[in-house]
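Got the viewer open? Grab the mouse, and let's take a walk through this chain one selection at a time.

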Amino acid sequence: MKKSVIALLCFFLFAFTINEDFFVVPENFPHPVYDFSKNPLTENKILLGRTLFYEPLLSKNNTISCESCHSPFSAFTHIDHQLSHGIHDSIGTRNSTALMNLAWQKSFMWDGAVNNLDMQALAPISHPAEMGSSIIEVVDKLNASPKYRLLFYKAYKDSLVTGEKTLKAISQFMLTLVSANSKYDKVMRKELSFTEQEANGYLLFKINCSSCHTEPLFTSGNFENNGLAMDADLRDIGRMKVTNLSQDSLKFKVPTLRNIEYSYPYMHDGRFKRLAEVLNHYTNGIQQSNTLANQLEHGILLTSNEKVDLITFLLTLSDKDFVFNPKFQYPR
């Protein structure tokens, strides 16, 4: 009895801390893990965060914004190169991740180095090959801008820019990046039906892929070694770089498959340009190691026709309403 009362109280607390004008939990989605009570969404804070997301002042030489590596038209990642690019044409060490449904994520980055969305922007701001700046430098620039002092006043009733306000505003915008209106979602809501080929691909997906790419978010949020050979130049050890645990060697966060049509190239180092290459890896390219995910120990068996059917299903995860939503684009 006590447990049910506590659960009910938690539900009402959750409901009252989310402003449904700006954030609605999609049907069939679990409750978000982000604590909205510590950063309640408002229209002006979201607008401030959206403006900051496209602001090159966040970088050392005022040339790189968040959007530079996370374009809305490619599901908030980049598609023109394998690794992220930053100030002075520097090249990063990983492919940028696609940004969506972040309220359901407990950790961020390919290696989970950040476990709080409100702190996530610090990583690219301070990375020497990305924005190469610091939150102190960013705050100084924003405080010197009449435009931002006005935006901060509208958002916080105080024109003084601080690091906490800046980071939480960026979080507010990123929290609104919810993708849940693909054909797959419409089929789950019984608004549409899969074609025969899509249905067969969905069955193949559930058999071969769903243990890591769990519905409806299409990621488990866990870290797995998916059998990629280590890049000879990058020598990226993945999650182990954060934990220093040998059992985390070559493990990377499982990415969402939502909008995968738009988010190539694939894998943490962007080594694959096409979905067919990804499937070929899982059928013929898996490298055995002590930390390889158990479900990949014997590879995945797919015929050429089954690969086509599986890709056909994956294309039903494309959400054009999300990718081309003007509310997510540069605020004009």
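What follows is a tour in several stops, from the whole chain down to single residues.

**Stop 1: the whole chain**

Before selecting anything, keep in mind that this is a predicted model. Show the chain as a cartoon and look for its 13 helices and two strands. Now turn on the C-alpha atoms: along the principal axes they fill a box of roughly 60 × 55 × 40 Å. Is the chain compact or stretched out for its 332 residues? A compact globule with 332 residues would have a radius of gyration near 20 Å, and this chain has 21 Å, so the two agree.

Colour by burial next, and 51% of the 332 residues come up as buried. You can also draw contacts between residues at least 6 apart in sequence; 66% of these join residues at least 24 apart.

**Stop 2: the largest nonpolar core**

In soluble globular proteins, nonpolar side chains tend to be buried together. Let's see what that looks like here. Select Phe36, Leu48, Leu52, Phe53, Leu58 and Phe76: in the largest nonpolar core, which has 49 residues, these touch the most other members. Then add the helices α2, α5 (135-143), α6 (146-156), α7 (163-175) and α13, the elements that each give two or more residues to this core. Which of them has the largest share? That's α7, with six residues.

Zoom in on Phe53. Skipping its neighbours within four places in sequence, you'll find Phe53 in contact with Ser65, Cys66, Glu67, His70, Phe76, Leu99, Phe173 and Met174. Apart from this core lies another one, made of 29 residues, and you can find it by selecting some of its members, including Cys209, Leu275, Ile300 and Ile311.

**Stop 3: a glycine in α2**

Stay with α2 and pick Gly49, which sits in this helix. Is Gly49 buried or exposed? Its relative accessible area is 0%, so it counts as buried. Beyond its neighbours within four places in sequence, Gly49 is in contact with Ala169, Ile170 and Phe173. Try the distance tool too: from C-alpha to C-alpha, Gly49 and Leu151 are 9.7 Å apart, although 102 residues separate them in sequence.

**Stop 4: helix α12**

Select residues 304-314, which form helix α12. Which of its residues are buried? They are Lys307, Asp309, Leu310, Ile311, Thr312, Phe313 and Leu314. Show the neighbouring helices as well, and you'll see the buried residues of α12 packing against α8 (183-188), α9 (196-208) and α11 (275-285).

**Stop 5: a pocket and a cavity**

Switch to a surface view for the second largest pocket, with a volume of about 630 Å³. To get to its centre, select Phe22, Thr176, Asn325, Lys327 and Phe328, the nearest of its 21 lining residues. Two helices, α2 (43-53) and α13 (320-323), each supply at least two residues of this lining, and α2 gives the most, with four. Colour the lining by class and you get ten nonpolar, four polar and seven charged residues.

Now for a space closed off inside. Searching the whole structure turns up one cavity of 30 Å³ or more, and the largest cavity has a volume of about 70 Å³. Select Leu228, Ala229, Leu250, Phe252 and His268, which are the closest to its centre among the 13 residues that line it. The lining of the largest cavity has five nonpolar, four polar and four charged residues.

**Stop 6: backbone oddities**

Show the backbone as sticks and go to Glu215 and Pro216, where the peptide bond is cis, with omega near 0 degrees. Pro216 is in the loop between α9 and β1 (223-224). Another cis peptide bond joins Tyr264 and Pro265, with omega about 0 degrees. Pro265 belongs to the loop between β2 (252-253) and α11.

Next, select His88, in the loop between α2 and α3 (117-120). His88 isn't a glycine, yet its phi is positive, near 55 degrees. With 63% relative accessibility, His88 counts as exposed.

For the last pick, go to Arg235, in the loop between β1 and α10 (240-243). Arg235 also has a positive phi, about 50 degrees, without being a glycine. Is Arg235 buried or exposed? Arg235 counts as exposed, with 54% relative accessibility.

Key
Residues numbered from 1 in each chain as written. Predicted model: local features only at pLDDT ≥ 70, side-chain atom pairs only at ≥ 80, totals over all residues. Heavy atoms only, no water. 1 Å grid on protein atoms, 1.4 Å probe; cavity = no way out; pocket = protein on both sides within 12 Å on 5 of 7 lines; lining within 4 Å. Points joined across faces, edges and corners; volume = space filled by probe spheres on them. Nonpolar A, V, L, I, M, F, W, Y, C, P; charged D, E, K, R; others polar. Core = buried A, V, L, I, M, F, W, Y, C linked by side-chain atoms within 4.5 Å. Buried < 20%, exposed > 50% of the residue type's maximum accessible area, 1.4 Å probe, protein only. Contact = heavy atoms within 4.5 Å. Rg over C-alpha atoms; globule rule 2.2 N^0.38 Å.
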